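Hi,

Here's the structure I promised to pass on. Have a look at it first, and then read on for what turned up in it.

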Amino acid sequence: MSVHFEERSGVIPCKTAWGSWYQTMEEVFIEVNVPPGTSAKEIKCNIGSKQIELRVKDQQVFKGKLFGSTVCDEATWTLEDKKLIQIVLMKSNREAGNCWQSLLEGEYAADPWVQDQMQRKLTLERFQRENPGFDFSGAEISGNFHGGGPDFSSLQK
């Protein structure tokens, strides 16, 4: 399928004072609203495998230990239209059960409803990868989907 799963099914954002963050099985996306006219020179973004810091115009936006580990060499940030910073982090653990509960440890946590929706989406994304001939983008799921959902790998095909 040429269109990515998240493009067909939408994203489940966790809103924050500075913007929002959301995730797929492989990546965490952070969107930060900045004052219009902000230049890239005014942005300092330090990303490590387990920590992140973002400063805009010498003001700290966030800093801390990430909820999960990432591949820091594959992290990117861009400034869109001089008003939105987009940061993409590649998760080290790319399993459906690796649903981040917050962006940073103890900060920017998804509320229980958003967390539930994020886990549902990651489980459906896993089903989509395991069954490429089907389209799970509009599917509903109930029951045991936490931790990535049921494990069907031991079933005979």
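How many bridges join strand β7 (residues 76-80) to β8? There are five, and the two strands run antiparallel. Before going further, keep in mind that this is a predicted model.

Let's stay with β8 for a bit. Together, β7 and β8 make a hairpin, with three residues between them. Look for Asp-81 in that turn: its phi is positive, at about 55°. Strand β8 covers residues 84-90 and is mostly tucked away, as six of its seven residues are buried.

β8 also has a partner in strand β3 (residues 27-33). Those two pair in the antiparallel sense too, over seven bridges. A good residue to click on is Val-88 in β8: Phe-29 has Val-88 as its bridge partner, and Thr-76 stands opposite Val-88 as well.

Now for the rings. The structure holds seven aromatic pairs. One of them is Trp-18 with Phe-62: the ring centres are 4.9 Å apart and the planes sit at 50°, so this pair counts as tilted. What I like here is how far along the chain the partners are from each other: Trp-18 is in the loop between β1 and β2, Phe-62 is in strand β6 (residues 59-65), and 44 residues separate them.

Are these two buried or exposed? Trp-18 has a relative accessible area of 8%, so it is buried. Phe-62 is buried too, with a relative accessible area of 1%.

Another aromatic pair is Tyr-22 with Phe-29, and this one is stacked: 4.9 Å from centre to centre, with 15° between the planes. Both Tyr-22 and Phe-29 are buried. You've met Phe-29 already, as the bridge partner of Val-88.

Back to Trp-18 for a moment. Along with Phe-62 and Tyr-108, Trp-18 forms one aromatic cluster. Tyr-108 turns up again when you look at Thr-16, which sits in the loop between β1 (14-15) and β2 (19-23). Leaving aside residues up to four places away in sequence, Thr-16 touches Trp-21 and Tyr-108.

Why does Thr-16 count as buried? Its relative accessibility is 16%, and buried means under 20%.

If you want a place to start, colour Val-88 and look at its partners Phe-29 and Thr-76. After that, go to the cluster of Trp-18, Phe-62 and Tyr-108.

Cheers

Conventions
Residues numbered from 1 in each chain as written. Predicted model: local features only at pLDDT ≥ 70, side-chain atom pairs only at ≥ 80, totals over all residues. Heavy atoms only, no water. Helix = DSSP H or I, 4+ residues; strand = E, 2+ residues; numbered from the N terminus. Buried < 20%, exposed > 50% of the residue type's maximum accessible area, 1.4 Å probe, protein only. Contact = heavy atoms within 4.5 Å. Phe/Tyr/Trp six-rings, centres within 6.5 Å; stacked < 30°, edge-to-face > 60°. Pairing = 2+ DSSP bridges.
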